[in-house]
Structure formats: structure tokens, C-alpha cells
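The exercises below ask the reader to work through a protein model by hand, with the coordinates open alongside. Each task is followed by a solution that proceeds in steps.

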Amino acid sequence: MPAGAPKKPEMTSRRGGPRRVGRPRAATASARIYQELRAELVSLQRRPGAAISEAEIALSYGVSRTPVREAILKLSDEGLLEIFPQSGIFVSRIPMAALPEAIIVRRSLEETTTRMATERASPSQILSLQAILQAQREADAADNRSAFHQADEAFHAAIAEIAGYPGIWRLILQVKVHVDRFRLLTLPVRGRMAEVIAEHERVMVAIEARDPVAAGAAMAKHIERLLADISSTQSSNPEFFDQPN
């Protein structure tokens with residue numbers, strides 16, 4: 001910098017520290033768009049088959065298309081979006097063929113974490129699980145499917161945390177992305193949320209009894225129930241599913 005030239009003002013954050021500019025900021029925007037768009041896709045706010053516009057998303061976030069494109073490519077890698085160069089970007093349909101395998105993998109992992117959690121749970125951790133279960137009951141009473149799903153996720157994540165292997169839950173989140181979309185279609189079925197609560201209660205009874213075998217078996221049966229729901233759910237919502245060739 002030439003002598004006497006004014007120094008460029010340093011970018012600061014609200015807390016007074018230096019604020020990152022350039023690529024890190026773009027990366028942050030991409031991560032935010034990815035997380036929020038992923039939540040919309042998994043929750044079926046964006047319906048399978050619907051078109052996705054890079055330009056509209058970029059405008060809504062006040063960013064260029066670059067971070068939007070990065071998020072879209074990542075979601076495409078997860079199978080939530082389909083990119084057709086000559087046609088556009090579309091929300092993928094739920095792949096029927098992938099559901100049984102994903103459910104079986106999840107069942108195996110969660111049966112293991114439930115057994116381990118039963119052996120390790122402290123009294124306060126058991127109370128925390130009971131509080132989550134109560135939140136599910138309240139969501140069911142209010143017919144709030146979104147709150148019910150959030151509490152359901154919290155219940156399973158807490159069990160993995162208590163087991164001492166929260167990374168297993170992160171792995172399950174990757175495995176079950178399409179299962180979640182399918183499972184949300186089962187919640188409007190009359191009595192389904194109450195059935196889920198009853199299944200969770202059986203898991204809790206075994207955990208409180210310090211019976212890891214019974215707790216693991218109850219969790220496995222709870223997850224297996226999804227296998228039995230695939231055909232009827234697909235028949236009721238054919239437009240959401242991608243049929244195998």
C-alpha cells in the first residue's frame with residue numbers, strides 16, 4: 001500500500017470482532033440454503049415432482065446463484081433433487097425400492113443403541129425421555145403432526161446420545177432421508193400417532209426395567225412397523241412415489 005494511502009476499514013461483526021468476507025460467507029450461505037431447503041424437501045413442503053428454481057431461491061435469500069447451486073448439487077447427491085440439464089430441477093419422488101433396505105439398516109442400528117442406552121441410562125436421562133414422550137402425547141392431542149415428528153426425532157436421537165454413540169444417529173439421519181418422507185405420509189392416518197406413542201411406551205417400560213433385550217426388541221418391532229406400511233401408503237399417495245421399473 002502506498003505511503004499515506006488511507007487504510008481500508010476492517011469489516012467487523014456485531015460483536016466487534018473481524019467478520020469474514022468472500023468465500024467463507026458464500027459457504028455459510030450455501031450451508032444455510034442447504035439445511036433449510038433440505039428440511040422443506042424431507043417434510044414434503046415441496047412436493048415430489050415440483051420444479052425448483054435457482055433464480056427464485058437466490059432472490060429469496062438475497063444471494064447469487066452460486067451458493068444456491070452448491071446446495072442443490074448436494075441435495076441431488078442425497079437423492080432429494082433430480083437435475084435434468086435440458087428440463088430443469090425437480091423434487092425427487094420417494095424411491096420405493098430403497099425403502100425396505102433403509103428401514104432394515106435403521107432397525108439394526110437402533111436396536112443396538114437402545115440396548116446400550118438401557119444399560120447406561122441415568123435416572124435424569126430416563127426422565128428426559130419421558131418428557132419427550134409427553135411432548136408427543138401433547139402433539140397428538142393437538143393434532144400437530146410437525147411437533148409430533150420433531151418429538152419423535154428427539155426421542156430416537158436421545159437414545160443414541162444416552163447409549164454414548166451420537167454419531168450412530170447422524171448416520172441414521174443419512175440412511176433414513178427417504179424413509180422420513182414416506183413416514184410423514186403415514187401420520188395423517190387415523191390413530192397412527194397414538195400407535196407410535198404406544199410403541200415408544202413399550203420401549204420406555206423396558207428401559208426403566210433395565211431390560212436391554214426387551215428394549216431392543218421393542219425398538220426393532222417399532223421400526224419394522226414401517227415395512228408393513230409401505231404398500232398401503234404408496235396406494236394412497238401414488239404421486240409421491242417413484243415406481244421401480
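**Exercise 1. Determine which residue of β3 stands opposite Ile83, and build up the sheet around this pair.**

Solution. In this predicted model, Ile83 has Ile89 of β3 as the residue opposite, and Glu82 stands opposite Phe90, which also belongs to β3. Widening the view to the strands themselves, β2 is joined to β3 (residues 88-91) by 4 bridges, and the two run antiparallel; they form a hairpin in which 3 residues lie between the strands. The next step is to place this hairpin in its sheet, which is open, has 3 strands in the order β1-β3-β2, and is paired in antiparallel fashion. The edge positions belong to β1 (51-52) and β2 (81-84), each of which pairs on one side only. Finally, helix α3 (residues 65-77) packs on the sheet, where it touches β1, β2 and β3, and its direction makes about 110 degrees with that of β2.

**Exercise 2. Identify the residues that touch the most other members of the largest nonpolar core, and the helices that supply this core.**

Solution. Begin with the core itself, which has 41 residues, and in which Leu129, Phe155, Ile159, Phe182, Ile207 and Phe241 touch the most other members. Then assign the core to elements: at least two residues come from each of α4 (99-120), α5 (123-141), α6 (145-163), α8 (177-186), α9 (192-208) and α10 (212-236). Taking Ile207 as a test case and leaving aside residues up to four places away in sequence, one finds that Ile207 touches Thr118, Ile126, Leu129, Ile159 and Ala215. Apart from the largest core lies another, of 17 residues, including Val42, Ala71, Leu80 and Ile89.

**Exercise 3. Decide whether Arg106 is buried or exposed, and describe its surroundings.**

Solution. Arg106 is located in helix α4. Its relative accessibility is 2%, and because the cut-off for a buried residue is under 20%, Arg106 counts as buried. With residues up to four places away in sequence not counted, the contacts of Arg106 are with His156, Trp169, Ile172, Lys176, Arg183 and Ile223. Arg106 is also one of the residues lining the largest cavity, together with Phe148, Asp152, His156, Arg183, Thr186, Leu187, Arg192, Val196, His222, Ile223 and Leu226. That cavity has a volume of about 90 Å³, and the elements giving two or more residues to its lining are α6, α8, α9 and α10.

**Exercise 4. Work out which element gives the largest share of the lining of the largest pocket.**

Solution. The largest pocket holds about 470 Å³ of space, and among the 18 residues that line it, Ala39, Val42, Ser43, His149 and Leu184 are the closest to its centre. Two or more lining residues come from each of α1 (23-42), α6 and α8. Of the elements, α6 gives the largest share, with 5 residues.

**Exercise 5. Set these parts within the whole chain by finding how many helices and strands the protein has.**

Solution. The protein has 10 helices and 5 strands. Across its 245 residues, 39% count as buried. For the contacts, consider those with a separation of 6 or more: residues 24 or more positions apart account for 75% of them.

Technical notes:
Residues are numbered from 1 along each chain as its sequence is written. This is a predicted model: local features need pLDDT of at least 70, side-chain atom pairs count only at pLDDT 80 or more; totals for chains, interfaces and linings use all residues. Side-chain values use heavy atoms; hydrogens and water are left out. A nonpolar core is a set of buried Ala, Val, Leu, Ile, Met, Phe, Trp, Tyr and Cys residues joined through side-chain atoms within 4.5 Å. Buried means under 20% relative accessible area, exposed over 50%, partly exposed in between (1.4 Å probe, protein chains only). Contact means heavy atoms within 4.5 Å. Two strands pair if DSSP finds at least two bridges between them. Axes are lines fitted to C-alpha atoms, for helices over the stretch in contact, and angles run from 0 to 180 degrees between N-to-C directions. On a 1 Å grid over the protein atoms alone, a cavity is a set of points where a 1.4 Å probe fits but cannot get out, and a pocket is an open set with protein on both sides within 12 Å along at least five of seven lines; lining residues have an atom within 4 Å of a point. Grid points are joined across faces, edges and corners, and a volume is the space filled by probe spheres set on the points.
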